[in-house]
Amino acid sequence: MWCPGCGHGTVLNGLLQAVEKLGLSKNEIVMVSGIGCSARITGYVDFHTLHTIHGRALAFATGVKMSRPELNLIVPMGDGDALAIGGNHFIHAARRNIDITAIVMNNRIYGMTGGQFSPLSGPGIMATTAPFSNIDNDFDIVKLSRAAGATFVARTTTYHIKQMADILRQAILHEGFSVVEILTQCPTYFGRKNKAGDAPEMVNWFKDNTTPIGSKAKKENPALMERGIFVQEEKAEYCDEYDKIVNRAMKGS
Amino acid sequence: MSENIKFVQGNEACVEGALYAGLDFFAGYPITPSTEIAELLSARLPRKGGRFIQMEDEIASLCAIIGASLTGNKVMTATSGPGFSLMQEALGYAVMAEIPCVIVNVQRGGPSTGIPTHGSQGDVNQARWGTHGDHAIIAMTASNHQDVFSVTVEAFNLAETYRTPVILLFDEVVGHMRERLVIPEPGDIPLVDRLRTSVKGGVDYHPYLPREDGRLPMSDFGGVHRYNVTGLVHDMWGFPSAEPQVAHDLMRHLVDKLENRVNLIARYKEYYLEDAEHLLISYGSAARSARHVVDNRRMRGERLGLLELQTLWPFPADMIREKCRGAKSVIVVELNMGQLLQSVKLAVEQPENVFLANRIDGVFITPQDILKILRLIRGKGV
């Protein structure tokens, strides 16, 4: 399904490592996806898989989780899927702090439709719908997720596969809404349009342009993107709170 | 017995019907004139251990109930025109993935924001063709609160039987009017639960392989069978396929499972049809005025009859052709510009004898409005 050199397979690898390490039963995992290259990840895993419509994966996942809170919900999304058409569901799922692991596979482009700019492309990027270069500002997923109320927020890349697997493991364990942004390469469209080179060059770019949170390198070069866990806090989880409502209501009736 | 008699709004009758049918999960977004359904269920559902969630919009509401249906719950959402428009893509998903769910549309004036607090029946054809692509759908309606209750129960039964979304097309008049409702004892109305697969864990389960009767036994998400659900054309395992034969068979299955059972699904009521010269066809709140006209004129010896439709889609064309045979005229009474009129004309043998009595100004149609049309048809002037 994915092009040669695409980073999405690496994300799948990291995710499966995390699931294996956690020792979860496949019957306890529901993976929900929307539409796009990223969304086809559901076709490669042996969980309960729900491949839905563009942008709405988190809304479907909310219904699954609310109705069966004991299940583990993993929702991989692309950057357009999660934050353009799905932006509203993203911030509201974060606000509720419902126990879902949201993975944003950020390749800064719409791949499935052939290379249009996304809300994570950023100014100066070339895309088939930005032939004179993009003027749209991009979201900072970490800041957005934190402001919306996510209680676990992290960023990593397809270069840092061990960190990715470790962060995903912690994100799945976290009780509340978890956001993991994974920078992933799209050599076919983003790479070609932006002269970013082939897949190895793009992956190396992640190595050279990111740094652990609070590192010395970041102080010396503020342009570097930080990776690691930005937010990890305990807060009332939505389904737990609703269970309390049910208990109160059943006593009262 | 006395505690089973209530004086309620139509929206509350719908809530009572849904709870009677076994509703477990509701997701919704406030919109006039359906909001009471969400309000009531936010209190009633947790009392029985069910779940209510107010979502960020109507799109998310339908998506959430589809997710909850997959884990084995009876689910519903409620909205009105603008929200129903937003739901159309997810409605198509529920058709394609064959997810049982009930969608209530308490219709109001449209298009767009229209007249939110006034009644209308303007969404009849949107219920039929609102989502993209060829498909079949079930849409039902009712004119009084007892029927709102029983049609709501029936909607759940049909959704679970055929693994399909069922649309309840109520309207502002019925939704907000107060009327007596007798809640039947448990067991008085039979309830249907979805078929669940008897295939044991570890044995190859085909979630999308229909039985000969068109039904597909389900396995709840979280259970022993892991499978894929998608809005793409899919094979019997639920995995995407672009094979022409797979696509063709799936399309035929999705349409035939309902269209071949029109007579089983059709619900209607008839008043004085056997010798009717002039036959009114109506549904929902408009049928109340039509009923009044028929009852009233019968007392004067005029041969009027009423066919009140409760199932609008799939359209019971054969039944309607049969009932209309021999009538001098057929008058379709509805609160829109003739949405069901077109289907009636296509169904009957003499479409030139089919007329429309309607109102589109937000004012409820009166018996006098219908009588005016009848006078015109009879050549008596206005």
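This is a short walk through a predicted model with a chain A and a chain B, going from the overall build of chain B to the contact between the chains and then to some local details.

Let me begin with chain B as a whole, in which 14 helices and 15 strands are assigned. Its radius of gyration is 21 Å, close to the 21 Å that the globule rule gives for 382 residues, so chain B is as compact as a globular protein of that length. The C-alpha trace of chain B spans about 75 × 50 × 40 Å along its principal axes, and buried residues account for 53% of the 382 residues. If we take the contacts in chain B between residues at least 6 apart in sequence, 75% of them join residues at least 24 apart.

The domain assignment divides out two stretches of chain B, namely domain 1 (2-182) and domain 2 (269-377), and the C-alpha centres of these two domains lie 26 Å apart. Where they touch, 26 residues of domain 1 of chain B are in contact with 19 residues of domain 2 of chain B. On the domain 1 side, at least two residues each are supplied by α6 (124-129), β6 (138-140), α7 (145-162), β7 (165-171) and α8 (172-176) of chain B, and the largest share, four residues, comes from α6(B). By character, that side of domain 1 divides into 14 nonpolar, nine polar and three charged residues.

Staying with chain B, I would like to point out an open sheet of seven strands, in the order β3-β2-β4-β5-β7-β6-β13, with mixed pairing. At its edges stand β3 (51-54) and β13 (311-313) of chain B, each with a single partner strand, so one side of each is left without a neighbour in the sheet. On average, and ignoring direction, neighbouring strands of this sheet are turned by 20 degrees against each other. Within the sheet, strand β4 (residues 75-79) of chain B runs parallel to strand β5 (residues 101-107) of chain B and is joined to it by four bridges; M76(B), for instance, has V102(B) as its bridge partner in β5(B).

Now to the place where the chains meet: which elements of chain A give two or more residues to the side that touches chain B? They are β2 (48-51), α2, α4 and α10 (238-252) of chain A, and α2(A) provides the largest share, with eight residues. In total, 33 residues of chain A are in contact with 34 residues of chain B, and the chain A side divides into 15 nonpolar, 14 polar and four charged residues. Strand pairing also crosses between the chains, since β2(A) and strand β9 (residues 228-230) of chain B pair in the parallel sense over three bridges, with N228(B) as the bridge partner of T49(A) in β9(B).

Helix α2(A) deserves a second look, because eleven of its eleven residues are buried, so it is largely enclosed by the rest of the structure. Among those buried residues are F60(A), V64(A) and K65(A). Helix α2 (residues 57-67) of chain A packs against helix α4 (residues 87-96) of chain A at an angle of about 35 degrees, with their axes 8 Å apart. L58(A), A59(A) and T62(A) of α2(A) make this contact with H89(A), F90(A) and A93(A) of α4(A), a set of four nonpolar, two polar and no charged residues.

Finally, some backbone details. Most residues other than glycine have a negative phi, and most peptide bonds are trans. In chain B, the peptide bond from G110(B) to P111(B) is cis, with omega near 0 degrees, and P111(B) sits in the loop between β5 and α6 of chain B. Another cis peptide bond joins W313(B) and P314(B), with omega about -5 degrees, and P314(B) lies in the loop between β13 and α12 (317-324) of chain B.

In chain A, S133(A), in the loop between β4 (100-106) and α5 (141-148) of chain A, has a positive phi near 90 degrees, and with 12 C-beta neighbours inside 10 Å it counts as exposed. K195(A), in the loop between α7 (187-193) and α8 (199-209) of chain A, has a positive phi near 50 degrees, and it counts as exposed with 8 C-beta neighbours inside 10 Å.

Methods. Residues numbered from 1 in each chain as written. Chains lettered and ligands numbered in written order. Predicted model: local features only at pLDDT ≥ 70, side-chain atom pairs only at ≥ 80, totals over all residues. Rg over C-alpha atoms; globule rule 2.2 N^0.38 Å. Buried ≥ 20, exposed ≤ 12 C-beta atoms within 10 Å, placed from the backbone. Contact = placed C-beta atoms within 7 Å. Domains from an automatic or database assignment. Nonpolar A, V, L, I, M, F, W, Y, C, P; charged D, E, K, R; others polar. Axes fitted to C-alpha atoms, helices over the stretch in contact; angles between N-to-C directions. Pairing = 2+ DSSP bridges.
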